[in-house]
Amino acid sequence: MPRPKKNDNSAATVGYEAQLWQMADALRGSMDAAEYKHVCLGLLFLKYISDAFEEKHAALLAEKDEGADPEDPDEYRAMSIFWVPPEARWPHLKAQARQATVGQLVDDAMAGIERDNPALKGVLPKDYARPALDKQRLGQLIDMISNIRVGDEASRAKDVLGRVYEYFLSQFASAEGKKGGEFYTPRCVVKLLVEMLEPYRGRVYDPCCGSSGMFVQSVEFIRAHAKGNGHGGNTGAKAKADISIYGQESNYTTWRLARMNLAIRGIDSGQIAQGDTFHNDRHPDLKADFILANPPFNISDWGGERLRDDKRWQYGVPPAGNANFAWVQHIVHHLAPAGVAGFVLANGSMSSNQSGEGEIRRSLIEADLVDCMVALPGQLFYSTQIPACLWFLARDRRGSPLPPRGGGVGGVGARFRDRRRQVLFIDARKLGPLVDRTHRELTDEDIARIADTYHAWRGEKEAGEYADVPGFCKSAPLDEVRKHRHVLTPGRYVGALRQEDDGEPFEEKMQRLTATLREQQAEAAKLDAAIAANLRELGYGV
């Protein structure tokens with residue numbers, strides 16, 4: 001097997017995070033990965049806010065003669081730094097790490113931080129004192145984390161904890177298999193969705209937000225493009241204020257991870273609710289400018305039989321045994337008049353005709369909502385080997401003159417050419433190198449190729465002119481999609497990859513290939529005869 005190509009975008013090659021994970025994982029012992037995840041990530045978060053606090057505390061202490069008060073919580077809140085009460089400060093915990101009571105001390109620290117910082121209420125894990133948690137290993141983990149700086153100004157500038165946190169999430173997803181992976185969307189898939197939709201400003205919504213990867217990547221995108229794209233001299237901090245975040249997550253422990261993940265990045269504008277999106281929609285009146293999501297694939301126990309008359313099912317009642325098209329219609333329901341959406345679904349959603357799914361898909365296409373379909377390579381996800389695809393929907397595909405990027409929420413869908421009654425198909429199944437024997441990742445170059453193709457097709461001037469590429473992309477008119485009975489599989493439309501002409505005349509090539517075939521047939525006959533002779537010598541001849 002060839003060696004996997006190195007991918008600089010890979011979470012598997014990010015540097016010291018891998019060594020940190022190996023040390024932390026060695027301390028896990030027999031503890032289940034799903035349980036250990038919250039032990040480890042909770043301590044990392046505690047170290048992060050304590051580092052930031054201690055740095056500011058030292059600065060205030062140096063200015064005490066000038067009237068500064070290092071024990072005044074408002075001094076920290078004014079700088080968007082969490083106030084850490086004395087019992088929660090990391091030096092205090094480190095000094096007690098080898099004591100049998102260390103579990104209770106950590107629980108008290110978490111409770112104290114939540115008490116004094118309402119934004120974190122109900123978010124932090126507080127079960128370190130439970131008997132099943134080995135206190136010696138807990139003390140060793142505290143010692144290990146003590147050796148890294150994650151929350152001081154220099155570390156925050158490099159997003160050290162963000163990188164560690166995301167890497168640990170990916171490793172826990174791998175260790176937990178399907179159970180943990182369903183809450184984790186690989187970074188390359190999130191980045192592709194964000195690069196294609198470009199959520200510069202407006203309301204960003206994820207109805208099944210997991211650990212908040214879509215939101216984190218959206219803010220990173222804005223920071224990366226804060227200059228030279230219509231933002232003028234805006235900084236990343238200024239740019240992120242232009243988006244409002246809305247999310248919902250049904251799993252309580254994953255919801256806590258999401259809240260911590262946003263807090264690590266200093267994203268305090270997120271309205272992340274906990275609850276079942278189908279049965280307890282916590283943002284019922286939201287109309288979002290951008291929706292990004294990775295719903296769980298093919299779930300059958302979503303309670304659809306209790307929602308047969310739901311107002312969200314404008315394009316057909318989704319089957320009670322599969323929630324795929326319930327997610328699609330929930331997303332459409334929450335799109336603003338000029339809103340756009342990108343989300344992951346199982347490949348079956350592009351072609352299934354079971355239980356009325358084909359009719360729902362036909363209705364969505366005929367309503368001119370489907371903008372683009374992307375077939376993804378296999379082995380991208382930790383949670384499943386089911387092949388996946390990306391759907392892109394747009395409410396308003398009429399197009400108009402392009403205003404400056406960032407020119408207002410109302411212009412989200414209005415800066416593209418008219419693409420009504422057309423669908424862009426992209427077949428990306430051959431992209432993405434293997435990063436290990438079981439997982440594949442899209443490189444930055446792969447992501448740029450797919451995103452640039454979509455941007456050019458939509459009419460973004462800086463993306464260049466769009467052209468069909470056999471085997472990769474095709475802009476298909478609605479009539480062609482109808483001929484395929486509203487099946488949206490890109491491979492049906494993009495055709496075969498064009499082979500380069502090698503210059504050899506056809507007659508000469510056929511003579512050469514025929515001669516090679518005869519030689520191989522003769523060689524095969526010799527091998528068959530040799531095998532038969534050996535069998536006769538062993539007494540197995542016929």
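Visitor: How should I read strand S1 in this model, and is S1 mostly covered or mostly open?

Guide: In a regular strand the side chains alternate between the two faces of the sheet. In this predicted model, S1 is mostly covered, four of its five residues being buried.

Visitor: Which strands are joined to S1 by bridges, and which residues are the bridge partners of Gly202 and Val204?

Guide: S1 is joined by five bridges to strand S2 (residues 243–249), and the two run parallel; within S2, Gly202 has Ile243 as its bridge partner. Two bridges connect S1 with S4, again in a parallel arrangement, and here Val204 is partnered by Phe290 of S4.

Visitor: Turning to helix H14, how many of its residues are buried?

Guide: Helix H14 (residues 324–333) has 10 of its 10 residues buried, so it is largely enclosed by the rest of the structure. Among the buried residues are Phe325, Trp327 and Ile331, and polar names such as Asn324, Gln329 and His330 appear there as well.

Visitor: What covers the buried residues of H14?

Guide: The cover includes strand S1 (202–206), strand S4 (288–293), strand S5 (335–346), helix H15 (357–366) and strand S7 (388–394), so that S1, already described as mostly covered, is itself part of what covers H14.

Visitor: How is the nonpolar interior organised, and which residues have the most contacts inside the largest core?

Guide: The largest nonpolar core has 111 residues, and Leu141, Phe168 and Val374 are those with the most contacts inside it. Helix H2 (residues 33–62) supplies the largest share of this core, namely 14 residues. Another core, of 41 residues, lies apart from it, and its members include Phe278, Ala326, Trp391 and Val423; Ala326 is also one of the buried residues of H14.

Visitor: How should I read the charged pairs, and how many salt bridges does a search of the whole structure find?

Guide: Side chains of opposite charge can pair when their charged atoms come close. Across the whole structure the search finds 25 salt bridges. One of them pairs Arg115 with Asp116, with 3.1 Å between the closest N and O atoms. The two partners differ in their surroundings, since Arg115 is exposed with a relative accessible area of 53%, whereas Asp116 is buried with a relative accessible area of 17%. This pair belongs to a network of salt bridges that links Glu87, Arg115 and Asp116.

Visitor: Are Glu460 and Arg458 buried or exposed, and what is the N to O distance in their salt bridge?

Guide: Both Glu460 and Arg458 are buried, and their side chains meet in a salt bridge at 3.3 Å, N to O.

Visitor: Where do Arg482 and Asp479 sit with respect to helix H17?

Guide: An α-helix has 3.6 residues a turn, so residues three or four places apart point the same way. Arg482 and Asp479 are three residues apart in helix H17 (residues 478–483), and are therefore separated by about one helical turn. They form a salt bridge in which the closest N and O atoms are 3.0 Å apart. Arg482 is partly exposed, at 32% relative accessibility, and Asp479 is likewise partly exposed, with a relative accessible area of 47%.

Visitor: What about the cysteines: how many disulfides does a search of the whole structure find?

Guide: A disulfide is a covalent bond between the sulfur atoms of two cysteines. The search of the whole structure finds zero disulfides. Take Cys473, for which the closest cysteine sulfur, in Cys372, is 9.5 Å from its own sulfur and therefore too far for a bond. Cys473 is buried, with a relative accessible area of 1%, and Cys188 also counts as buried, at 3% relative accessibility.

Visitor: Finally, which residues have a positive phi although they are not glycine?

Guide: Most residues other than glycine have a negative phi, and most peptide bonds are trans. Asp368 has a positive phi of about 60° although it is not a glycine; Asp368 is placed in the loop between H15 and strand S6 (370–375) and is buried, with a relative accessible area of 17%. His486, also not a glycine, has a positive phi of about 65°; His486 lies in the loop between H17 and helix H18 (491–494), and with a relative accessible area of 10% it is buried.

Conventions: Residues are numbered from 1 along each chain as its sequence is written. This is a predicted model: local features need pLDDT of at least 70, side-chain atom pairs count only at pLDDT 80 or more; totals for chains, interfaces and linings use all residues. Side-chain values use heavy atoms; hydrogens and water are left out. A disulfide is a pair of cysteine sulfur atoms within 2.5 Å. Buried means under 20% relative accessible area, exposed over 50%, partly exposed in between (1.4 Å probe, protein chains only). Contact means heavy atoms within 4.5 Å. A salt bridge is a side-chain nitrogen of Lys or Arg within 4 Å of a carboxyl oxygen of Asp or Glu. A nonpolar core is a set of buried Ala, Val, Leu, Ile, Met, Phe, Trp, Tyr and Cys residues joined through side-chain atoms within 4.5 Å. Two strands pair if DSSP finds at least two bridges between them.
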